[in-house]
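Biologist: I'd like to learn how to read the contacts in a model with several chains. Could you walk me through one?

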Amino acid sequence: MRARSAAAAAAVIALVSLVASLAACRGEGPASRTADAAAEVGTVAAPLRDDFGDSVQPSGVSPRTRIVSLNPTTTEVLFAIGAGGRLVGRTRWDAWPDSARLVPDLGDGLRPNVEAVLATRPDLVVLYASADNRAAAERLHAAGVRTLALKIDRIADFRRALLLLGVATGERSRAAAVGDSVAATLGRVRRSTAGLPRPKVFWHVWDSPLITIGAGSYMTELVEIAGGHNVYADLPDPSPTIAMEDLLHRDPDVVLAGPEGARLIAEGAAWRRLRAVRAGRVLVVDTALVGRPSVRLGEAATAIARLLHPGTTP
Amino acid sequence: MRSAHPLLWPLLVVALAAVGVLAIALGAVPLSPGAVIDALAGRGDANTVAIVRGLRLPRVVLAALVGAALGMSGGALQGTLRNALAEPYLLGVSGGAAVGAVLAVSFGASSAGLVPLAAFAGAGGAVMLVLLVARAVGGRADPRLLLMAGVVVGAFANAAIMVALAGAPPNTVRGALWWMMGSVSGADWGTVRWLALYVAIGGGLLLAWARDIDVLALGEDPAAGLGVDVDRAGRRVYLASALLAAATVAAAGLVGFVGLVVPHIVRGAGLRRHRAVLAGGALAGAALVVAADVVARVARPPAELPLGAVTALVGVPFFLAQLRRAAA
Amino acid sequence: MIRFDDAVLRYRGAAAPAVAGVSFEAPAGRVTAIAGPNGSGKSTLVRALLRRLPLERGRIALDGRDALAIPQREFAARVAVVTQREEPAFPLAAREYVALGRYPHGGRWRTDRAADDRAVSAAMERAAVTDLAGRRTDELSGGEWQRLRIARALAQEGGALVLDEPTTFLDVAHEMALFELMDGLARGGMAVLVVSHQLNLVARFADTVVLLHRGVVAAAGAPAEVMQGPILERVYDWPLVVTRDPAVGAPSLVPLRVRRGA
């Protein structure tokens, strides 16, 4: 009897450990975005839904409506489509455009301070659609505030966010114009690098643990558009953790890093094992420019193309 | 009473060698045995050589040193403190080191340079604090007082870490958490060298004091009756063990349970005199941590599991066994 | 020969000293017993010998030399102490445990194996525990464990043996055996100092009894001198009579029952 309960306990613990290790670092799965493929084209078919499944309706239509945006991308987009004046709250990380700094800082975008948000008496709150924020969305609904939850990992997500924000604020035409402009720039860059040899690129995000960019991120798409190839494009996660050994094996030609990351690479003796580092091919990108998939995507692609293929003018 | 099997020592050595070989042969990148042997000799693809000689070899050696140090430290402390559940991390080492590391990370230090130094300083400071608290409260560094003071200092350290991380930017939190979960992935020959020095000195001292520990394990009064200056002997074993553990924390972050479990394993195999417990603990601890590192590297490629997570999983069956023994 | 001269011992933070000026001698070849009620300072004297409690005033001498000036290890090679309680944290084989008694004689790294083995075997024989050699220390009965501890003390090969309440867990047979052993060791030339509250046994075996009362010596001398009714009643604060046991001729203490109120 004792042996049986001991075995049962051991089995439970083993099961829990297995589930825990599988669940960790699963990342967020894509939400219900497929239904809005039609919306991408510009037609409003069935009711639009955001990434938490709530319906999107024009609720910030008047210039006097109050919008809180808890995400750097959506803050920037709202300014770009002319709805910046309606913002009554942003996160501490939202610093673009410059005029965004005048909007009151409400703290973090993940697990936001709901009380601070409610204190601004918003009509619409734009959230990042991660599991962390579900609770906040519930509380806002309970207080009678509409939310718009968006997960913006890839360029297509950005275009969709642009559309939905346009619908929500009544600025559909301006949103479309911004979208077209970005698309045009991206197309131009893609064409100008089309025939060029594609360097193998490693995107350095963080040192310990070693984190890079995978297929799930717009940054991989930018690299492709700019005429390069992300060595970790085979990993589906937006920001997977990897091992140094594996990186050595993939042998990138070029390392892209932000200023902080470039400093860590320069200081770390371990990095010199990488051929690209020894050859001095560590290219510094402006993280303010490429750090979020927003209205400056075109500029970001251009900047990366110039780094990867100096001398071309996309 | 059952004596240790005569083949125990060769077995330990073989086990260590076997996991060592496994650890060099396996990794995130699958390599054929021929390629591994070539790379060890310096032949073949430059990247493969870099992987085998520059990445895997130093980390295997570092893992072995960490395991040996923790195995010896745990054995010495359990004997001196007369408590089978004592482990080096209990005495302020883990809490103090984590505070040092978190502070360093939040001030922007990179993992390579300042963080290990800050971790070691934090651990050393906490160890001294535990000693002082025990002396201030009880007048002497009594084993029970040491353990309780260790818990107090540890609790305080945890609170400090939580406060520090609460308002910190995500990168700091991520870096701090990663460090606290333990890893030998950043191993380089420089780290290996200074840790080897520490382990040699600290381990040598503990082995030299092994007979003192045998006597201390009888109790303070009986030990005094046999001629041991109990306060002095206890204090120096405590300091040597704690500083040995602090060195491992500086090199590899928090690798828990090794100091607790390894002495039980070697005592269960029949080793009783502390000279044998310490030496056996060094071999068994080294083998354990190297094996844990293999698991950490191959469980979920290309990512790595934190080393501390794997060793913590080892703690689960251990405590189950202890529970059964206590209930029996 | 162990000698206490006007020793004063105080526990940390205590208002009054536990031992307030005690003098006595435990000569070689004799059994000297220290008796007294709980809290009279008996075990405190042993702790002073173990150097676990600093001597506030007075002197402890070993064979004429200042005991505390002798290095602790050397002292242990000359005086073996069996404490009141002992519980090893980890079980040992019985013979290994006795071998720990050789600690004062060994160097840090090497030790004279042959001499050690001889001493251990002799000690185990003297204490009648040779048949326990392979047993585990945590599987011994109270009596076996006690005798094993004495074997360890004997392995120290000192000229003096100090025992603190050695008969606590022993039955009649083992009690007697233990006192006979102590008597035999004293006849063989050892200085035996035993702290015991077993007054009747002490009366039969001890050459000298030192009776402590609240940290001072209330009486000292041959058992017949010390075991007097008025003295003992005052010290133990309990009505009693001292008779002369007809069977063995030693003074015998008989505590009286308290008369219930009418």
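Modeller: Sure. This one is a predicted model. Start by ranking the pairs: two pairs of chains are in contact, and chains A and B share the most contacts of them.

Biologist: What about chain A and chain C, how far apart are their closest C-alpha atoms?

Modeller: They lie 25 Å apart, and no contact joins chain A and chain C. A contact here needs C-beta atoms within 7 Å.

Biologist: Back to A and B, then. How many residues does each chain bring to the contact?

Modeller: Chain B puts in 28 residues and chain A puts in 26 residues. On the side of chain B that touches chain A, the elements giving two or more residues are α3 (46-80), α7 (170-180) and α14 (307-327) of chain B. By residue type, that side of chain B splits into 14 nonpolar, nine polar and five charged.

Biologist: Can I read contacts inside one chain in a similar way?

Modeller: Yes, go by domains. Chain A is assigned domain 1 (34-170) and domain 2 (195-308). Their centres, taken over C-alpha atoms, are 29 Å apart. Eleven residues of domain 1 of chain A and ten residues of domain 2 of chain A make up the contact.

Biologist: Which elements give two or more residues on the domain 1 side?

Modeller: In chain A, those are α3 (72-80) and α6 (155-169). α3(A) gives the most to that side, with five residues. The domain 1 side facing domain 2 of chain A has six nonpolar residues, one polar and four charged.

Terms used
Residues are numbered from 1 along each chain as its sequence is written. Chains are lettered from A and ligands numbered from 1 in the order in which they are written. This is a predicted model: local features need pLDDT of at least 70, side-chain atom pairs count only at pLDDT 80 or more; totals for chains, interfaces and linings use all residues. Helices (H or I, at least four residues) and strands (E, at least two) are DSSP runs, numbered from the N terminus. Ala, Val, Leu, Ile, Met, Phe, Trp, Tyr, Cys and Pro count as nonpolar, Asp, Glu, Lys and Arg as charged, and the others, Gly among them, as polar. Domain bounds come from an automatic or database domain assignment.
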